[in-house]
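Work through the exercises below with the sequence and the structure open beside you. Try each task before reading its solution.

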Amino acid sequence: MTQPYKKKLIEVAIPLEAINAHAEKEKNNPFLKGHPRSLHQWWARRPNTTARAVLFAQMIDDPSSSPEQFPTEESQEAERERLFDLIARGCGWGADVDRGALEELKSIAARCMGSKLDELNFYDPFCGGGAIPLEAKRIGLRSHASDLNPIALLITAGQIEVPEFCFGLPGANESFSSTRGSQGLQGVASDIVFYAGRMQAMAQERIGHLYPAIAVQSSKYTPSAYIWARTVPCPDPAFSGLNTPLIRSFSISSKKGKQIWLEPQKTPNGIAFVVKKEPADRFHSLRAPSVSKSGGECLISGAALPLDYIRRMADAGRMGAQLAAIVCDLPSGRTAFAVDDFAPVKIPPDQLSKVPSIPLPEKALGFRVQQYGMHDFRDIFSPRQQVCLQTFSELILEVWKLIADDFQKKFGISDKAEHYASTVCKYLQMSISKMADYNNTISCWNNNNMNVTHLFTKHAIPMSWDYCEVNPFANLMSFVSISQSVATSVENLPDGPLGTVFQHDAADSQERVSNAVISTDPPYYDNIGYADLSDLFYLWARDNLQTIEPSISTTLAVPKTEEAIASPFRHPTRSEAESWFMQKMQKAMQNLCSVASPSSPITIYYAFKQKEISDEGVSSPGWVSFLEGVLNSGLSVVATWPVRTERATRSVGIGTNALASSVLLVCRPRIKNAGVITRAEFIRTLKRELRPALSHLQAASITPADMPQSSIGPGMGIFSRYEAVIESDDKPMTVKSALQLINHELDDFIGGFQGEFDPETRFTITWFEQNGMNSGEYGNANSIAQARGISVESVKHAEIVESAAGKVRILQREELYSDWSPLSDPHLTVWECCQHVIRRLECDGEHAAAMLLKQVGPEMGDAIKDLAYCLYDISSNKRKDAKEATSYNSLIAVWTELTRQAAAIHDVSGDRQVAMNF
């Protein structure tokens, strides 16, 4: 059958290693200057580098689509490598971007799409944090984005709806000046900081008295932050009326030589905190936290504080807060003081009455605070924090008028003044969101850098026992300093066609966009409650949105009933939540099909949870429901790619046993009248077509951990090309059954490697599968060896196992000879070579491993790679040995780089040279 469209690069191959390396660098570096994530918190946003690379790959033709220009497989592969190199160079971040490569990619994409890029539509119906629409605009497409969530729309509008007249425009404030002249959005960035300063000055006039200076030894200091500990009544009747503090850490500074810590001391009134400092005070080991997830200990009486008791006290309104220390910025550096006579600031009731209210959900994904007496989002903030945030929120509309007036006075353009004021105020509203993220009663003090952490370090609102309150008028985190970080991001936003953002439920049909390139990141199944979490920001933005972003409807709270997630708290049963999610996805994907350009495939991100895969494999409920929604919409999956899109919160990355955090689905509309096949025909087709595809993935060094996800593409491509696969009972095969069959074929593919190995290696694989690195009976070992035509002594002679006292065990890598060389080993085996390469990689680095790979030669190198896949499968899936599996996954993760280095090595020994052609 003739292909009805030209295949795009992403349907055949992508430079996965380079894309993931860029993503890893972007996500794990929190200090990237000017990155758009500094605009506003969003949960699980895609890396901009990945989004840009994917967009190019789905617009650029694969060389196989131009046989007249690339008639042979060799010429096609050479052209792919050239395109891979351009994507790798053009899709980095900041200084990593090769501007020449980026422009060449734009030119190629325009030629392949048959149109100027600024004449092409792009659409993302789940815009979220705006990374994908922003990169579409950066490329030059007419970027359109929608979402149901008003906070997502605010963030995305701030990235793609910047009016064109703002670019190159000097700031509206009279103080704007630049030695470089006005460039890009430098004028807007200047105004953000200038008017943030005006807001801060106005706020200080109104509420500055709530943050009085403190007296310490006849000197007065301005507090930068306040460290508070929550309190509950002491449970011992002998100390009735006294409150005991709950505190997770007594450390204020952990810097060596500059330690500062709290020392609790009993007083007639309860507990007082003394601030101790090194070197004036002798540093000692800190006491254990007074409270944890399982409960705590009363610092007054020593009595136990069960978690249930703490919750009961909180629910009864008897949880309070005690000031533990005040942090100040002095000329000599940041330090902390204990203030014995601190008088709590009284907040007038009329000020608190102005604070808005949004009820907390009774139960929701990622929420725990309701168990501690918090029933409204305003309860997450102390009274002073509430008044602070409300004051700054009220000032948005006041400064909006100032900006509009200043703009008109400076430029004499009345019809653009209000539009410009709204643009600047969007970013000031985002600055208030950032203040709310840092200035609440969940954010903790960070003793490593003596700073405050933000609330959303996870996709949740957990409980925090002690917390940090910042002074919005002090240096540590003033409103101006927060706005400066927002302004830096704005200054780096790209010029391009004006984008559009509109509020819309993706499951409802719409006709605002047509013939569009589609790339989207839908809400993940049951992992993140975006709408519930967003209410924390919406609380302070709701009253201003009608003015600064009138396209957003200002509902009382962020819309939730139509949110496309499988929240178990919004449905009677989990199965009904799952069904809801699938139906929403199906309708959303059908709508995407109706507006998608036939010239480009649709790309869809799906985020996996690590536990989800380890517990249930690639047939987990969330993944199955998502795929069913996609396939039932009439789409066919033509490829899947494992992409690393989440920030590593521990030492888990490309070179470890972690799965890629997302799968990128590449989809096309299913051909009409695709017909049906039987289960037997499906299995035969799988065996015929999946094995070559898996060989291709292995050749591309897809890590063993990512192979199950990667194999889904070619496997589901077969399943979804038909209207149905019919089971023996005449019922359609389910997606879950298809995934299980695909995974079975993958197991057979990896298991098939064993027949190509030497007998000693095949013996050791079997022994490892049965015993791991533990000892086993000699008799069993001998039976296994004889079945492979060898003896245990032969395996021992190969220096793979130890055999003594009737026991046999595999030698650990650290027991192998450190000076081993394959050039002088007369009994070379794949097992031994593989373990030595891993040992060199782990102990001495990539160059040492590449040198060893050079020495063993290309044929043994291929066998080592095959063995690593095989042993990963055994370690991870059968023996559940994550540490051992990590070693094999790490080897494959750097295999391309090892072979590149090995090919560059010309002489591997003083007396012998081995030719290699990696």
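**Exercise 1. Find what the buried residues of H6 pack against, and say how far the helix is covered.**

Solution.
Step 1. Note that the model is predicted. In it, the buried residues of H6 pack against three helices and two strands by name: helix H5 (131–139), helix H11 (414–438) and helix H13 (530–548), with strand S2 (142–147) and strand S18 (500–503).
Step 2. Count the covered positions. H6 spans residues 150–160, and eleven of its eleven residues are buried. Among them are Pro150, Leu153, Gly158 and Ile160.
Step 3. Look at the N-terminal end. Asn149 caps H6 there, with a side-chain oxygen 2.9 Å from the backbone nitrogen of Ile151.

**Exercise 2. Decide whether the two faces of strand S1 are covered or open, and name its pairing with S2.**

Solution.
Step 1. Take S1, residues 121–124, one face at a time. Asn121 and Tyr123 lie on one side, Phe122 and Asp124 on the other.
Step 2. Check burial. These residues are all buried, and both faces of S1 are covered.
Step 3. Read the pairing. S1 and S2 are joined in the parallel sense by four bridges. One of the bridge pairs sets Asn121 against Arg142 of S2.

**Exercise 3. Describe how helices H23 and H26 pack.**

Solution.
Step 1. State which quantities are needed. Two packed helices are described by the angle between their axes and the distance between the axes.
Step 2. Find both. For H23 (residues 830–844) and H26 (residues 882–893), the angle is about 80 degrees and the axes are 10 Å apart.
Step 3. Classify the angle. Values of 65 to 115 degrees count as roughly perpendicular, so H23 is roughly perpendicular to H26.
Step 4. List the residues in contact. H23 contributes Cys834, Gln835, Val837, Ile838, Leu841 and Glu842, and H26 contributes Ser887, Tyr888, Ser890 and Leu891.
Step 5. Sort them by class. The contact has six nonpolar, three polar and one charged residues.

**Exercise 4. Describe the surroundings of Gln835.**

Solution.
Step 1. Place the residue. Gln835 lies in helix H23.
Step 2. Judge its burial. Buried means under 20% relative accessible area; Gln835 has 5%, so it is buried.
Step 3. List its contacts. Leaving aside neighbours within four places in sequence, Gln835 touches Arg813, Leu816, Leu871 and Tyr888. With Tyr888 there is a polar contact between the side chains, at 3.3 Å.
Step 4. Compare sequence and space. Gln835 and Glu814 are 21 residues apart along the chain, and their C-alpha atoms are separated by 9.6 Å.

**Exercise 5. For two three-stranded sheets, give the strand order and the edge strands.**

Solution.
Step 1. Start with the open sheet of order S10-S11-S12, which has antiparallel pairing. Its edge strands are S10 (291–292) and S12 (304–306), each pairing on one side only.
Step 2. Add detail. S11 (residues 295–297) and S12 are antiparallel and joined by three bridges. Glu297 stands opposite Ala304 of S12. Helix H8 (residues 307–315) lies across S10, S11 and S12, at about 70 degrees to S12.
Step 3. Turn to the open sheet of order S25-S27-S26, also with antiparallel pairing. S25 (776–777) and S26 (801–804) each have a single partner strand, so one side of each is left without a neighbour in the sheet.
Step 4. Add detail again. S26 and S27 (residues 807–810) pair over four bridges in the antiparallel sense. The bridge partner of Ser803 in S27 is Val808.

**Exercise 6. Is Met450 buried or exposed, and is Ala805 buried or exposed? Give the phi of each as well.**

Solution.
Step 1. Recall the background. Most residues other than glycine have a negative phi.
Step 2. Take Met450. Its phi is near 50 degrees, a positive value. Met450 lies in the loop between strand S15 (445–446) and strand S16 (451–452). Its relative accessible area is 6%, so Met450 is buried.
Step 3. Take Ala805. Its phi is positive too, about 55 degrees, although Ala805 is not a glycine. The residue sits in the loop between S26 and S27. Its relative accessibility is 83%, so Ala805 counts as exposed.

Terms used:
Residues are numbered from 1 along each chain as its sequence is written. Side-chain values use heavy atoms; hydrogens and water are left out. Axes are lines fitted to C-alpha atoms, for helices over the stretch in contact, and angles run from 0 to 180 degrees between N-to-C directions. Angles under 35 degrees count as roughly parallel, over 145 as roughly antiparallel, 65 to 115 as roughly perpendicular and the rest as oblique. Contact means heavy atoms within 4.5 Å. Ala, Val, Leu, Ile, Met, Phe, Trp, Tyr, Cys and Pro count as nonpolar, Asp, Glu, Lys and Arg as charged, and the others, Gly among them, as polar. Buried means under 20% relative accessible area, exposed over 50%, partly exposed in between (1.4 Å probe, protein chains only). A polar contact is a pair of N or O atoms within 3.5 Å; within protein, one must be able to donate a hydrogen and the other to accept it, and residues adjacent in sequence count only if both atoms are side-chain atoms. Two strands pair if DSSP finds at least two bridges between them.
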